[in-house]
Amino acid sequence: HVEKDCESPWQFDLAYTPVAKVLEPALELLAISRLPQSEADEALVAMARRLEDTHTLDPNRFVAREGILFDAPAAQISPLVLEPGRLVVTRERVYFQPVHDVGGDCAVRSHPLHAVGAV
């Protein structure tokens, strides 16, 4: 992306997402950075909560015939990490899709329902 009539040395290309999807939150974060610390903290928490609440599971990750029984925001908790995301339970499997895949291992974690002891 290159801004017209701009002498900025910054140039970048987004191959997998529209520019607005990156620039809108970036501009919001820039505005938050100019707030007093207490207001900035509140604004960051609100922004994160909004992102987590609107996050949805990619429907390509499961078969429609499975039928969704439960779908809600959730968090996977492991030592030193609370990973927000989306939990979906179908007739056959349990899916968890993190908002950000901090582990880098996979975008969606899935387990057969019969193998799940507790949620």
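**A sheet, a helix pair and one loop residue**

I will start at one end of the sheet, where strand β3, residues 93-98, is joined to β4 by four bridges, the two strands running antiparallel. Within this pair, Arg 93 stands opposite Pro 112 in β4. Keep in mind that this is a predicted model.

Now the whole sheet. It is open and has four strands in the order β1-β2-β3-β4, with antiparallel pairing. The edges are β1, residues 68-78, and β4, residues 109-112; each has a single partner strand, so one side of each is left without a neighbour in the sheet. From one strand to the next, the twist averages 25 degrees.

Next, the helices. Helix α1 covers residues 19-33 and helix α2 covers residues 37-54. Their axes come within 10 Å and cross at roughly 160 degrees. Angles over 145 degrees count as roughly antiparallel, and α1 and α2 are therefore roughly antiparallel to each other.

Which residues meet between α1 and α2? From α1 there are Pro 25, Glu 28, Leu 29 and Ile 32, and from α2 there are Ala 40, Ala 43, Leu 44, Met 47 and Arg 50. Sorted by class, this contact has seven nonpolar residues, two charged residues and no polar ones.

Last, a single residue, back in the sheet region. Leu 80 is in the loop between β1 and β2, the latter being residues 81-90. Leu 80 is not a glycine, yet it has a positive phi of about 70 degrees. Is Leu 80 buried or exposed? Its relative accessibility is 91%, and the cut-off for exposed is over 50%, so Leu 80 counts as exposed.

Technical notes:
Residues numbered from 1 in each chain as written. Predicted model: local features only at pLDDT ≥ 70, side-chain atom pairs only at ≥ 80, totals over all residues. Heavy atoms only, no water. Pairing = 2+ DSSP bridges. Axes fitted to C-alpha atoms, helices over the stretch in contact; angles between N-to-C directions. Parallel < 35°, antiparallel > 145°, perpendicular 65-115°, else oblique. Contact = heavy atoms within 4.5 Å. Nonpolar A, V, L, I, M, F, W, Y, C, P; charged D, E, K, R; others polar. Buried < 20%, exposed > 50% of the residue type's maximum accessible area, 1.4 Å probe, protein only.
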